[in-house]
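Dear colleague,

I am passing on the structure we spoke about, and my notes follow directly below it. Please read them with the coordinates open beside you.

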Amino acid sequence: MANIISDETIEYVGILAKLELSAQEREQAKKDIGRMLDYIDKLNELDTSQVEPLSHVFPVHNVFREDVVTNQDQRDVILANAPACKDGSFKVPKTVE
Amino acid sequence: MSKQYETVIGLEVHVELATKTKIFCGCSTAFGGAPNTHTCPVCTGMPGSLPVLNKQVVEYAMAVGLATNCRIHQYCKFDRKNYFYPDNPQNYQISQLYLPICYDGGIEIETAAGKKVVGIHEIHMEEDAGKLIHDEWEDCSLVDYNRSGVPLIEIVSEPDMRSAEEVIAYLDKLRLIIQYLGASDCKLQEGSMRADVNLSVRELGSTALGTRTEMKNLNSFKAIARAIEGERARQIELLEEGKPVIQETRRWDDNKEYSYPMRSKEDAHDYRYFPDPDLVPVEISDEWLQAVRDRQPELRTEKLARYKAEFDIPDYDAGILTSSKRMADIFEETTALCGRPKKVSNWLMGETLRLLKEENREPDELTFSPSHLAKLIEMVEAGTVNQPVAKEVFEQIFREDADPERYVEEHGLKTVNDEGELKTVVADVIAANPQSVADYRNGKEKALGFLVGQTMKAMKGKANPAAVNRLLKELLQ
Amino acid sequence: MRMEEWTALELGRKIKAREISVREAAQAGLDRIAALDGEYNSFVTVDAERALARADEVQQAIDAGTLTGPLVGVPAAVKDNICTQGLKTTCSSRILYNFVPTYSAEAVLNMEKAGAVVLGKTNMDEFAMGSTTETSAFGPTKNPWNTEHVPGGSSGGSCAAVAAREVPYALGSDTGGSIRQPASFCGVTGLKPTYGTVSRYGLIAYGSSLDQIGPIARDVSDCAAILEMIASHDRKDSTSIAREDYDFTSALTDDVRGLRVGIPSDYLGEGLDDEVRQAVLGAADVLRQKGAEVEEFDLSLVEYAIPAYYVIASAEASSNLARFDGIKYGYRAQDYDGLHNMYKKSRSEGFGEEVKRRIMLGSFVLSSGYYDAYYLKALRTKALIKQSFDRAFAKYDVILAPASPDTAPRLGESLGDPLKMYLGDIYTISVNLAGLPGISVPCCTDASGLPIGVQMIGDCFQEKKILRAAYAYEQARGPWQAPEGIASSAAQGRKTDAGAGVSEGKGGNV
């Protein structure tokens, strides 16, 4: 395997992605990501130096809304799915130390 | 301290745009709603919802870019900035990294040290986050997404400033430009203008930049000035002790006058930007750009010149009148209604500034209607009210936006122009003050002033002082 | 009544002719689901009460003459990643186990405007990540043709539900083949429209630049009619496109004379099962016999589509799935220590293995220092793949291809080796990268009796060309049989032998 994924990398990506992996999952993830990257490295066979990256397949641009209020108060339905709420707000663990 | 240090400052200024709706949905941007009452699936990050760009945001951003001498990327895109925080419902912020709408501009500032240009690296469009309220009772935080998705522009300066004074001058200039454009009200206290300060120090004469820190939570010009001084001192102390400055984000505590590091190890500062696949690029044609350019309103420099040329207002006065967009608007609207620019200027420069100072308020906070001031000026000119009464009436206009006609009517403040009635009162005053009458007749001109005062008092101020003067002289001959 | 014998359009005609009421049609579907779904597990949620109330409402509108479309009153199912107001939408994930959308997807609104009656939400690979419907948090769906096999994925529930005749049609979504591949495995017809044709508003995003909602039904005519119903230019979706034509059913002419059909030789080589190869070549012969010009050509770059896809889709997914954090909806861990631990636990417990794998990969390829090497490289590769299709469509109207290298694998065979599973998408994935329309049509069955579909790919906005080819092929192929068991219950009352055209099991139609 050409791509060796370190414990530090898995830890780091876990922080970015907010995922906590068990020891076994970490080992598996190292193996999986390494293998996928080996496979993805196949793209390096292609000379793309003269190619612009293509984000959107169609050259669509300038899709706008007019600046007009269209939404009514819908707080109750917005909050209806929240695991925890209080005083019309979403309730979360304390965000400051 | 033996070494001399130079402070190098760059600013990231966030400005909330004055659109009616949010940047990507049709929710109102109005302040003051109960929590989460200005929200929808888009600005609360509901699964399956998609953003659609508010055209007005692009126009405002372009207008600010043009007014700050920026170049415009006529092909620009939105990128996602990925980070987890509860005020950010999608856990990514839609912003612009790779192709910001404006770049490579600058504005001229003037301080005691002279004039200089502060470069603007770029201006980009992005969405604001929601608000977190810390609930002391339950030891939790509450999230309100009313501000989530409110449009912002972020104006990133070059590290061209060297002192708090220059920073304030830059911010003030920027604020005025944006206010004049009508793109934002730019209130630091209310958070519609927010400045993050990037600061580093280096030995004087050095050309390499030192390690910088970024300071947030600066809510007033004074706090900004104090934070700059505080952070400069902190960094110099570190360097003097041979310790490194760490590149980090710090939160300024204006009460303790000290900054504290903000983030924990859970923040990797790796935002994994990539083009937002839900939004299509913005292509700004030459025609569109020209149309925005043609619509640019008169900015302060142009106004200053025009006030002088058109209204013959002195430089100093014009400077004050234009120091706030609100003030300049009131001046122009009132003048248009009453046609007496000098009088309008006098009311604004005199009573208005006095009352603002008395109440410790800013000209931006003026709320009265130009039509009411115009009416008052006309009433004074017509002799309907005299000057002292007019001052009383103006206070009511200033505080309550009172209608001067109705106020004068309701409080019976109209100047009495009935000669007969006035004559009777004057005769009474003469009869009651023989000593003053004698003094006047003996050549003491001052005594006449006393008699005028007595008459005005008897008339409860509603007399025309010129008429009183004339009648007294007539009757005393 | 044998509702299960009728296609969506046939049922729509009978409802309009008052031969059957909307409630009877809905009830018949619900009864079949009740009888069969314990075995197939095509559905995550079925709401009978809601469906019947809706049926009555639609009946009234029909009676009042306000609803007249061809699919009015026809029961349907919707993949569980498409939001339905008031009806649980889980993406087959624990993290959305209780999520009830506050709004309906635009495609669902369009269905409702046309008088559809949604019976329930169909099972899928969690967040549409998978090719077997085994990554569902609610258990795998089984292939009605053989319950020891998977239905394919990720729209496996929708395809199995149509194959089992629980509903005449269903909506699916296709990010890398998720409609076409399970349609092929389940012996149903599935269409992935040109990107931007059906609004993505309300489709819970996996890979935003690739996702597209499309119809799954018994035949090509149904697919055309359903697409006509759900396609629209939606101002709520910035990537939605105002098309010039929405009259897809007008393409059903059974005439392919002069149609230029290309078969990529590079699709027919190593890795392709021989029976599938024979099926594709057989379909080519059918089209040739009907007057199409068919030839093989080199598409090129085939082997680069999958790596490019996994970079782009995983990167987008890592960002799209960040919103599932235990704050606004869905699952929140019970015990946690502070905010970040709450995030981590909720997400780690809420997401399944495959989803976590792709989020990790996506986060990695976007992380500092890797963006250019992986993400931009993949976008450049995507540009090259689009160019190779542009060259192909300068010469051909339709590209004929397999939908999958094999027929449906056995349950439990695929997940052990993700990379191998990903390779199964080789014929479908580049279509998404290039934004093209593609349709999978049942062709025949393999030696073990599992269905094989052929795929027809068109240039962007050329749905009509692939519908024309698919319809003509379907006419020549003859009626398609239902799976055994399903067939026995359905075939008893059959007047004609519908299975004649494919009685040989494979290639019998050529």
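**Notes on the structure**

Arg2(C) lies in the segment that precedes α1 (8-16) of chain C, where helices are DSSP runs of H or I with at least four residues, numbered from the N terminus. This is a predicted model, in which local features need pLDDT of at least 70 and side-chain atom pairs count only at pLDDT 80 or more, while totals for chains, interfaces and linings use all residues. Residues are numbered from 1 along each chain as its sequence is written, and chains are lettered from A and ligands numbered from 1 in the order in which they are written.

With 13 other C-beta atoms within 10 Å, Arg2(C) is partly exposed (20 or more would be buried, 12 or fewer exposed, with C-beta atoms placed from the backbone). Its C-alpha is 8.3 Å from that of Ala28(C), although the two are 26 residues apart in sequence.

Further along chain C, the axes of α7 (residues 220-230) and α15 (residues 463-477) come within 9 Å and cross at roughly 155° (axes are lines fitted to C-alpha atoms over the stretch in contact, with angles from 0 to 180 degrees between N-to-C directions). That makes α7(C) roughly antiparallel to α15(C), a term used for angles over 145 degrees.

Chain C also touches chain A, through a contact that takes 52 residues from chain C and 37 residues from chain A, contact meaning C-beta atoms, placed from the backbone, within 7 Å. The largest share of chain C's side, eleven residues, comes from α12(C).

Best wishes

Notes. Helix = DSSP H or I, 4+ residues; strand = E, 2+ residues; numbered from the N terminus. Parallel < 35°, antiparallel > 145°, perpendicular 65-115°, else oblique. Contact = placed C-beta atoms within 7 Å.
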